[in-house]
Every structure is written in structure tokens, then in C-alpha cells.
Amino acid sequence: MSTQESVTGFTTADLPDGHIFVAGAFREGRGAEIESRFPADNSLNRVMREAGPEDLAEAMVAAQKAAANPGWRDLLPHRRADYLYRIGQGIAENANRISYIQSRDTGKTLRETYALAMSAAGTFRYFAAALETMEESITPSRGPWMTFSRYEPIGVVAAITPWNSPIASDAQKVAPALAAGNAVVLKPATWSPLVGLEFARIVSEAGLPPGLLSVLPGGGQTIGDGLVSHPATGRISFTGGTKVGHAIAEKAAQRLVPVSLELGGKSPTIVFPDADMDQALAGILYGMFSSSGQSCIAGSRLFIHRSIYKSFLERLVAATKELRVGHPFDPNTQVGPLIHPAHVTSVARWVDVARSEGGRILTGGARPVGDAYKEGYYYLPTVIDGVDNKATICQEEVFGPVLVAMSFDTEDDVIRMSNDNQYGLACGIWSQDIGRAMAIGKAITAGTVWINTYKQFSISTPFGADKESGIGREKGLEGLRAYMRQKSYYLGDPGVYLPWALPAIKGRDV
């Protein structure tokens with residue numbers, strides 16, 4: 001056991017064995033062989049077989065049966081909530097183990113992966129409580145009848161999650177889908193398959209009836225496409241790349257299946273001269289470089305008012321250089337490795353494109369040098385200026401620790417530049433003038449607006465996007481309703497007859 005490994009209290013023997021989870025049972029997948037490697041040093045976590053088409057077919061048959069079973073579909077809400085409470089408690093009790101597995105699987109720091117595990121536990125608790133307390137509505141009547149609205153399960157839900165935040169992303173889809181009375185087939189990413197399998201173990205031990213959850217790590221062209229196209233899939237929830245999101249939306253549209261898509265982002269962060277500069281610096285650094293920049297909501301376009309541009313940027317660059325890049329098990333590490341060597345190559349390519357378009361690399365722009373980094377997938381936190389908002393680096397998502405800084409003069413300028421992008425996921429505004437900040441937040445197309453903070457979340461507050469960043473909302477009561485079918489009822493008053501038919505029934509003298 002390495003010195004770094006010893007601080008966790010776990011070893012690779014504690015990692016899931018790589019068996020997929022099909023209809024309540026663990027077994028070897030029937031797909032291609034895949035590897036999970038530790039991004040910090042390229043050491044092997046597990047060799048396993050991903051799910052194959054036969055596994056998907058079996059999972060879908062089991063899901064259909066489980067979703068149609070009155071013992072689940074018609075289970076009283078507080079009884080169904082019991083399962084969610086137990087799952088949430090199981091996640092919380094295993095948070096350190098989940099944290100270790102996720103750090104080994106993704107390279108994220110233990111501090112972050114522990115927070116993600118506790119977030120997932122909270123997600124299950126929230127949707128359990130929401131399920132117990134959710135009310136259906138009696139709507140205002142416009143005639144001699146009672147009108148009311150009820151919600152029913154959809155059936156089988158396809159949940160496809162990304163590699164950058166497993167367990168938290170899994171919970172945000174699985175918890176509301178189960179709360180709504182559905183069965184779920186979950187497809188984790190092949191770059192981070194192990195966390196989903198640990199999640200499956202916890203769900204199984206919580207006693208969830210077999211068939212209500214299957215976890216099938218596998219490729220997008222096999223398990224992903226098969227899951228989206230399956231005739232039994234009643235709803236699709238996807239988090240990932242915009243290109244794949246478009247393909248999923250097209251397939252869903254052909255079958256008229258509801259879909260939610262949380263896709264890419266190129267979020268603007270705006271600093272006004274009246275901002276608390278330390279607060280803004282702290283928020284921008286965290287919003288961009290935590291998770292090693294591998295976050296869809298990363299504030300990757302920084303707009304600084306021209307009057308403070310030079311002084312603020314100098315402080316930002318100096319602070320960026322002080323960020324601690326290192327091993328994810330080191331408690332002092334702030335920026336860990338990226339997920340995969342191919343992703344390091346991709347990030348470096350985007351920085352080269354920025355250079356070719358006149359970008360100046362103020363810090364970073366390379367892999368770190370030294371024995372501690374040579375086997376891992378590291379890339380230095382990078383700050384670029386010297387380009388305008390039309391540059392490729394300002395228009396395309398890098399999904400790595402790369403920040404682009406630009407200046408602005410007026411509110412209208414920064415609103416225009418913020419919106420001059422295909423994405424509409426999030427934005428950050430730093431100013432003491434809350435009225436101005438609110439007005440600018442309203443004018444910018446984004447699903448989330450942070451004012452004097454960034455990258456903070458609440459499971460009770462809906463999260464989603466506009467434009468090429470996606471459609472639909474997760475979290476909150478809206479996130480629960482999204483996994484249900486709404487049905488309207490009209491209950492006629494006794495003794496009241498529809499007048500149109502009365503002559504035929506009572507005689508023409510009526």
C-alpha cells in the first residue's frame with residue numbers, strides 16, 4: 001500500500017469486483033473488456049466486461065415487469081419513501097468507501113468525492129420527503145363537476161450519466177425516478193464504471209425489489225443507443241456531451257418519448273468594479289478550477305470591467321499559480337488529475353488552438369513537470385487572454401482547467417458577449433449592486449445565475465439549461481414531476497345531466 005493510499009483506509013481490494021448489476025443480481029457482463037485506471041498514476045483499478053446487448057435485453061424485461069407490478073406501482077407514497085430513506089442512509093454510511101472508489105475511478109480529490117457522496121445521500125432523503133409530502137391538486141371547476149389532477153408513474157426510465165460526477169449524477173436521476181414509481185436502467189460511463197456498481201450494491205442491500213434498478217456500464221453505441229431506442233423506454237434522462245444529446249433527442253422525438261438533456265456549457269463570469277475582489281477571486285478560482293475544470297457549469301469565460309481589468313487579472317493569475325496541483329489523496333491538493341490520457345490530449349489541443357488564434361498563456365498551458373506527475377493525467381490550471389469572444393476557445397467547451405479572460409465596458413456589452421455563444425447553462429455575477437446583478441441575470445440566457453457566489457447547489461432548487469446546453473430540469477419538485485405522467489379527472493355532480501343529450505333522453509319537450 002502506498003503512503004498516499006494509506007490515508008484512505010482502503011486498498012484496491014475494496015473496489016467493486018467489476019460485475020454489472022442486472023435485475024437485482026451481480027454477474028459478469030457479456031460485452032467488451034474495459035479497464036478502470038487511477039488517473040493519478042495510471043495504475044490498474046479493475047479489468048471488467050461491460051454490459052452487452054443480451055444484458056440490456058434482460059434488464060429491460062425485468063424493468064418492465066417490476067414497473068408494472070402493483071406492489072410497486074401502487075405502493076403508498078410513504079412506503080415507497082421508506083426505500084429511498086434506506087438507500088440514502090446506506091450511501092451516507094458508506095460515504096468514505098464511495099469517496100475512495102470514486103477518487104480511484106475519476107482522479108477527483110477525496111474532499112470532492114466525499115462531498116459528492118453526501119450530496120447523493122441528501123438527494124435520496126429529499127425525494128423521499130418530497131414523495132411523502134407531495135400533494136395532488138383539486139383545480140378550480142368551471143361547471144357542475146369536480147376537477148383534479150393526479151400523477152402516475154411512466155414505467156421504465158433510461159438514465160445515462162457522465163464520468164465527471166458519478167454517484168451525485170446517478171442519484172439525481174435514480175432517486176426521483178424511483179420516487180415516482182418507475183423502474184430505472186442506469187448506464188454509467190465506461191471511463192468511470194466502478195462508482196455505479198458500488199451504488200448498485202447499496203441499493204440492493206437496502207432491499208429494493210429486483211428489477212427496479214439495473215446498472216449497466218457500457219458503450220454509447222451499444223448500451224446507450226439500445227437503451228434510448230428500446231420500445232419499453234418511457235423516459236430518457238441524459239447528462240453528457242451536446243453532440244450525443246442531439247442524437248438522443250432525435251431518437252426520442254421519433255418515438256415521442258419525453259427527454260431531459262443536461263449538456264455542455266461555456267458559462268460567463270462577470271466582475272464589476274464594485275465587487276468584493278477577494279470574494280470574486282475565490283469564487284472564480286473555485287468555479288473554474290475545482291474538479292480540474294471538468295464541470296459543465298465551469299465559469300470558463302471571465303469578463304472583467306476594463307477599469308479593473310489589469311489589476312484583477314494580475315491577482316487572478318498570481319492566485320492561480322498558487323493552486324496546489326497534486327495527488328487526489330493528498331488533503332492539500334486542490335487540482336487533481338484529469339480523467340483519461342485522451343482527455344489530457346483534448347485539453348492541450350484546445351489550448352494550442354487558442355495560441356494559434358493569438359491567445360496569450362498567462363499561466364499554465366502545459367502538463368506539470370516532476371516525478372509526482374509523470375505517470376498521471378495532469379494539466380496545469382491555465383489562464384488565457386488576448387482573444388475576443390469570437391475566438392474558438394471562447395465558443396467551444398474545453399471541459400478542463402482553462403479560463404479565458406476578456407474585458408468589457410458597459411452592461412450592454414457584457415450581456416451581448418455573454419449571450420453570444422451556443423450554450424446557456426449558467427453565469428456568475430460579482431457586484432455589490434444586487435439590483436444591477438439581478439437585471440443582468442435576467443438578461444443573460446442561462447438556467448442558473450449565481451450572484452457573489454458560484455457552483456453552489458441545492459437539491460430543492462431546479463437545475464437545467466437553455467439553448468445548446470439542454471432541455472428540461474432536474475432537482476426540486478419539478479424534477480420529481482418530470483418522472484410522472486399527469487392525468488386530469490372530471491367528476492360529475494350527482495343528478496346533473498349534460499343538456500345537449502336531454503331531448504333525446506327525456507323527450508323533445510325538455
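This is a short walk through the structure in your viewer, stop by stop, and the model is a predicted one.

**The whole chain**

Start zoomed out, with the protein chain as a cartoon. You should be able to pick out 18 helices and 24 strands. Along the principal axes, the C-alpha atoms fill a box of roughly 90 × 55 × 35 Å. The radius of gyration is 25 Å, which agrees with the value near 24 Å for a compact globule of 510 residues. Now colour by burial: 55% of the 510 residues are buried. Switch to a surface and you're looking at about 21,300 Å² of exposed area, with carbon and sulfur atoms supplying 53% of it. If you like contact maps, take the contacts with a separation of 6 or more; residues 24 or more positions apart account for 73% of them.

**Helix H2**

Select residues 53-68. That's helix H2, with 16 residues and end C-alpha atoms 23 Å apart, in agreement with the 22 Å it should span at 1.5 Å a residue. Show its side chains and look for the buried ones, among them Asp 55, Leu 56, Met 60 and Ala 63.

**Helix H11 and its surroundings**

Next, go to residues 277-289, which make up helix H11. This helix has 13 residues and reaches 18 Å from its first C-alpha to its last, close to the 18 Å expected. Its buried residues include Leu 281, Ile 284, Leu 285, Met 288 and Phe 289. What do the buried residues of H11 pack against? Light up helix H12 (309-322) and strands E12 (268-271), E13 (301-305), E15 (382-385), E16 (402-408) and E18 (426-430), and you have the answer.

**Tyr 309**

Stay on H12 and pick Tyr 309, which is in that helix. Its relative accessible area is 17%, so it is buried, the cut-off being under 20%. Leaving aside neighbours within four places in sequence, Tyr 309 is in contact with Ile 304, Asp 385, Ala 405, Met 406 and Ser 407. For a long ruler line, measure from its C-alpha to that of Gln 221: the two are 88 residues apart in sequence and 46 Å apart in space.

**Salt bridges**

Asp 385, one of those contacts of Tyr 309, is a good place to begin on charge pairs. Arg 360 forms a salt bridge with Asp 385, the closest N and O atoms being 3.0 Å apart. Arg 360 sits in strand E14 (residues 360-363) and Asp 385 in strand E15, so the pair ties together parts that are 25 residues apart in sequence. Asp 385 is buried, at a relative accessible area of 4%.

Other salt bridges share partners: Asp 14, Arg 97, Glu 198, Arg 201 and Glu 205 are joined into one network. Zoom in on Arg 201 and Glu 198, whose side chains meet at 2.5 Å, N to O. Both lie in helix H8 (residues 194-205), three residues apart, about one turn of the helix. Is Glu 198 buried or exposed? At 2% relative accessibility, Glu 198 is buried.

Then select Lys 108 and Glu 112, which meet in a salt bridge at 2.7 Å, N to O. Lys 108 and Glu 112 are both buried. The full count of salt bridges is 24.

**Out on the surface**

Finish with Ile 138, Met 146 and Leu 491, which make a nonpolar surface patch of about 310 Å². Within it, Ile 138 belongs to strand E5 (residues 137-139) and counts as exposed at 63% relative accessibility.

How values were computed
Residues are numbered from 1 along each chain as its sequence is written. This is a predicted model: local features need pLDDT of at least 70, side-chain atom pairs count only at pLDDT 80 or more; totals for chains, interfaces and linings use all residues. Side-chain values use heavy atoms; hydrogens and water are left out. Patches are made of residues with over 30% relative accessible area and no salt bridge: like charges are joined within 9 Å, nonpolar side chains (Val, Leu, Ile, Met, Phe, Trp, Tyr) within 5 Å. Accessible areas come from the Shrake-Rupley method with a 1.4 Å probe; for residues, only the protein chains shown count as cover. A salt bridge is a side-chain nitrogen of Lys or Arg within 4 Å of a carboxyl oxygen of Asp or Glu. Helices (H or I, at least four residues) and strands (E, at least two) are DSSP runs, numbered from the N terminus. Buried means under 20% relative accessible area, exposed over 50%, partly exposed in between (1.4 Å probe, protein chains only). The radius of gyration is taken over C-alpha atoms; the globule rule is 2.2 Å times the number of residues to the power 0.38. Contact means heavy atoms within 4.5 Å. The expected span of a helix is 1.5 Å times one less than its number of residues.
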